[in-house]
Structure formats: C-alpha cells, structure tokens
Amino acid sequence: IVSEASLQKDYLHETVSTVYFGGGTPSILEADDIKLIMEKLYDNFFIDADIEITLEANPDDIDEKKLSSWKALGINRLSIGVQSFFDEDLQWMNRAHNAAQSIHCIQLAQDKGFSNISIDLIYGVPGLSDDRWKANVDTSISLNIPHLSCYALTVEPATALDKMIKLHKKENTDSEMQSRQFKQLMQWLRSAGYMHYEISNFAKPGMQSKHNSSYWQGKSYLGLGPSAHSFNGESRQWNISNNSLYIKKIEGGEVPFEKEELTSDQKQNEYIMTSLRTAEGISLHYLKEKFGHTSYERVMNLSSVYIKQELMIADKDHLILTDEGKLFADGIAADFFV
C-alpha cells in the first residue's frame with residue numbers, strides 16, 4: 001500500500017480531503033504501520049488542512065493504548081462495528097465482541113477525545129424484537145453517537161450463514177420485519193434530531209461522513225491495497241485481490257489493476273442509483289445538463305407514477321424518495337436505468 005501511493009501518478013496533483021482505513025480490519029494494524037502509510041500519503045499527495053481521517057475498528061480491537069496512538073497519528077474519526085448492544089444478537093451473528101465491550105470502547109474513545117464516532121447497527125436479525133431494536137437505537141442516542149450506519153441483515157449466497165439457514169440450523173430473515181424496523185428507525189432518529197442523509201446513514205447536523213458522501217456525489221477517489229477500487233469520473237479500476245501477486249507487482253514498480261471505461265449510460269445509471277439514496281435526491285438540472293433533454297424527459301415521465309403512489313416527491317429541482325419509497329429504493333432506481 002505504501003509503495004502503491006508513490007506509483008499513482010494520475011492522482012498526485014489532486015487534493016486529498018478524506019482518508020479511510022477500511023475494508024478488512026485495519027484496527028489490528030500496529031501504530032507504526034499506520035504511521036508509515038500516513039507519512040507516504042503526505043509525501044506523495046496534497047493533503048487538505050481540514051482532512052477527515054477515518055479508521056474502521058471492531059470493539060474487541062480497541063484499547064486505551066491504540067486510541068492514544070491513533071489520535072497522535074491524526075485519525076479523527078472512528079467507525080466502530082457494534083452491530084448490536086445485546087449479546088444474543090452478537091452471538092447469532094457470530095461476532096467476536098460482546099455488548100459490554102461495545103459500550104466500554106465507545107466511552108473510552110470519547111474520553112480520549114474522539115468526538116466524531118460512527119457505529120454500525122444491524123436490524124432484521126431473526127429474534128430481534130422491536131423492543132430490543134428500540135433499545136439498540138436508544139442506547140446509541142444516549143451514548144451521544146453523532147453518526148449511525150444501519151443495515152438490514154442480508155444473507156449472501158454460499159456463506160456460512162446461508163448454509164446454516166438452508167440446513168435449518170438458523171432462522172431465515174423476514175422481509176416484513178426488516179421493513180417495519182427500518183420505518184421505526186427513521187422515525188426514532190428523526191425525533192432525536194438526526195438527519196437521514198442517505199438511506200443507511202443518519203447523522204447529527206454537520207456530522208455526515210465526508211468520505212462516504214464523496215461516493216454518493218460522484219467525486220473521484222483512489223483506493224490503495226489489494227481489491228481496492230478507484231474512480232476518476234470517467235473510468236473505474238480495481239486492484240487484484242491476490243495478496244502475493246499484488247506485492248510482487250508493486251515491488252516491480254507496477255500497480256496491478258483492471259480497468260473499465262464507463263459509457264454515458266453507465267454514468268447516468270450510477271448517478272441515479274447513488275443520488276436517489278440521498279436526502280437531496282436526483283437533481284433534474286444536473287440530469288439535463290449532463291445527460292441531455294431526452295434523459296430528463298424520460299425520468300420525469302417515469303417519476304410521475306411513483307409520485308402518484310407517494311413513493312417519491314418533486315421538490316423544486318429534485319426528485320426525492322419518501323420514507324415509504326426508501327423501502328423500494330433499489331427497485332425504483334433500476335426502473336430509471338437506461
């Protein structure tokens with residue numbers, strides 16, 4: 001990763017406004033490893049003075065010594081994979097930490113001066129009652145967490161969980177339950193003063209994730225390391241996932257990636273998919289300017305059906321999903337694809 005930074009010449013003159021240590025478990029890295037990466041980033045790129053530097057961490061990886069080291073290295077935002085504040089849920093999801101560790105690590109991080117903290121919560125877990133789901137959300141609010149990323153439990157094909165469910169050793173997910181708990185989540189967090197700025201993300205005013213927002217706004221980004229993805233507005237590239245081959249290529253002065261040039265239709269579909277998930281929704285002005293009048297008319301015609309169904313509203317220059325519409329976001333976006 002350190003060597004790759006110096007090889008990414010196409011990005012050297014861009015100002016870096018966010019750094020995100022994620023994808024895997026970066027919290028197990030030694031402080032010296034993170035320090036080396038940060039030094040190389042500052043050596044090779046223009047770094048914004050107000051940069052947001054996020055590190056993903058599991059509750060069982062967080063301790064006082066690591067927090068002090070991370071703070072000293074300039075990390076100013078933590079994303080903690082809490083998932084639930086109940087041991088029975090964590091055991092069902094086969095997580096290594098327990099509920100007490102989650103609460104302790106959050107309070108410890110706050111004591112060490114980390115005010116910009118995000119946690120992940122999972123809803124729709126079999127056996128998760130609405131009362132227990134509310135307790136999870138209430139605990140997050142009481143801990144003064146400024147940012148929540150909340151996801152419905154999904155079962156990926158060919159995973160251990162998928163096999164356990166097929167063998168009837170674990171209960172399957174319930175889509176009605178997940179929809180209900182998502183609606184509850186929106187109501188509870190809105191009442192608590194959180195902004196629902198992206199379908200899965202809620203933040204107190206001014207505490208939105210700058211890094212993730214750049215994805216949804218179509219800004220360019222550079223991914224470093226095996227399997228990391230990059231985007232420059234015109235093409236998408238991804239590094240190979242084989243660690244040994246990745247290292248061998250980097251040592252030979254080559255960044256090992258595959259690349260895809262995006263067509264106008266692909267760019268339009270991506271814009272629709274990402275913008276529709278945000279509180280701002282689809283900008284009709286941007287759509288017309290970027291993709292032409294025909295695309296604008298097509299989207300306007302399609303949107304009329306969803307507006308009548310109260311799944312979408314037209315607010316000045318934007319098409320925005322209603323709370324009910326957010327339940328069908330992926331399907332609505334796909335209907336708008338060219």
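What follows is a chat about helix packing, salt bridges and a few single residues in a predicted model.

Trainee: Hi! Before we start, what kind of model is this?

Mentor: This is a predicted model.

Trainee: Good to know. Let's take helix 11 and helix 12, then. At what angle do their axes cross?

Mentor: The axes of helix 11, residues 264-275, and helix 12, residues 284-291, cross at roughly 170 degrees. They come within 11 Å of each other.

Trainee: And how would you describe helix 11 relative to helix 12, parallel or antiparallel?

Mentor: Roughly antiparallel, because angles over 145 degrees count that way.

Trainee: Which residues make the contact?

Mentor: From helix 11, Ser264, Lys267, Gln268 and Tyr271 take part. Helix 12 brings Tyr286, Leu287 and Phe291. Sorted by class, the contact has 4 nonpolar, 2 polar and 1 charged residues.

Trainee: Does spacing along a helix matter when I read a list like that?

Mentor: It helps to remember that an α-helix has 3.6 residues a turn, so residues three or four places apart point the same way.

Trainee: Staying with helix 11, how far apart are its end C-alpha atoms?

Mentor: They are 16 Å apart. That agrees with the 16 Å its 12 residues should span at 1.5 Å a residue.

Trainee: Nice. Which of its residues are buried?

Mentor: The buried residues of helix 11 are Gln268, Asn269, Tyr271, Ile272, Thr274 and Ser275. Gln268 and Tyr271 also appear in the contact with helix 12.

Trainee: What covers those buried residues of helix 11?

Mentor: The cover includes helix 9 (210-216), strand 11 (282-283), helix 12, helix 13 (293-308) and helix 15 (329-336).

Trainee: Switching to charges. How many salt bridges are there?

Mentor: The count comes to 15 salt bridges. One of them involves helix 11 again: Glu270 pairs with Arg236, and their closest N and O atoms are 2.3 Å apart. Glu270 lies in helix 11 and Arg236 in strand 9, residues 235-239, so the pair ties together parts 34 residues apart in sequence.

Trainee: Is Arg236 buried or exposed?

Mentor: Arg236 is buried, with a relative accessible area of 15%. Its partner Glu270 is partly exposed at 26%.

Trainee: What does Arg180 pair with?

Mentor: Arg180 forms a salt bridge with Asp130, with 2.8 Å between the closest N and O atoms. This pair links distant parts of the chain, 50 residues apart: Arg180 sits in helix 8, residues 175-191, and Asp130 in helix 6, residues 130-142. Arg180 is partly exposed at 38% relative accessibility, and Asp130 counts as partly exposed at 24%.

Trainee: And Lys112, what's its partner?

Mentor: Lys112 bridges to Glu64, and the closest N and O atoms are 3.4 Å apart. Lys112 is in the loop between helix 5 (99-111) and strand 4 (117-123), while Glu64 is in helix 3, residues 64-72. They are 48 residues apart. Lys112 is partly exposed at 30%, and Glu64 is partly exposed at 46%.

Trainee: Which residues are linked in a network of salt bridges?

Mentor: Glu88, Asp89 and Arg132 are linked in one.

Trainee: New topic: backbone. What's the phi of Asn94?

Mentor: Asn94 has a positive phi of about 60 degrees, although it is not a glycine. Most residues other than glycine have a negative phi. Asn94 lies in the loop between helix 4 (87-92) and helix 5, and it is exposed, with a relative accessible area of 68%.

Trainee: Where is Ser227?

Mentor: Ser227 lies in the loop between helix 9 and strand 8 (229-231). Its phi is also positive, near 70 degrees. At 37% relative accessibility, Ser227 is partly exposed.

Trainee: One more spot. Is His147 buried or exposed?

Mentor: Buried, with 0% relative accessibility. His147 is in strand 5, residues 147-152. Beyond its sequence neighbours, it touches residues including Arg77, Ile119, Tyr197, Phe202 and Met207. The C-alpha atoms of His147 and Tyr194, 47 residues apart along the chain, are separated by 8.3 Å.

Trainee: And what about Lys326, buried or exposed?

Mentor: Lys326 counts as buried at 17%. Its place is in helix 14, residues 323-326. Leaving out residues up to four places away in sequence, Lys326 touches Phe182, Met186, His196, Ile199 and Leu321.

Notes
Residues numbered from 1 in each chain as written. Predicted model: local features only at pLDDT ≥ 70, side-chain atom pairs only at ≥ 80, totals over all residues. Heavy atoms only, no water. Axes fitted to C-alpha atoms, helices over the stretch in contact; angles between N-to-C directions. Helix = DSSP H or I, 4+ residues; strand = E, 2+ residues; numbered from the N terminus. Parallel < 35°, antiparallel > 145°, perpendicular 65-115°, else oblique. Contact = heavy atoms within 4.5 Å. Nonpolar A, V, L, I, M, F, W, Y, C, P; charged D, E, K, R; others polar. Expected span 1.5 Å × (residues − 1). Buried < 20%, exposed > 50% of the residue type's maximum accessible area, 1.4 Å probe, protein only. Salt bridge = Lys/Arg side-chain N within 4 Å of Asp/Glu carboxyl O.
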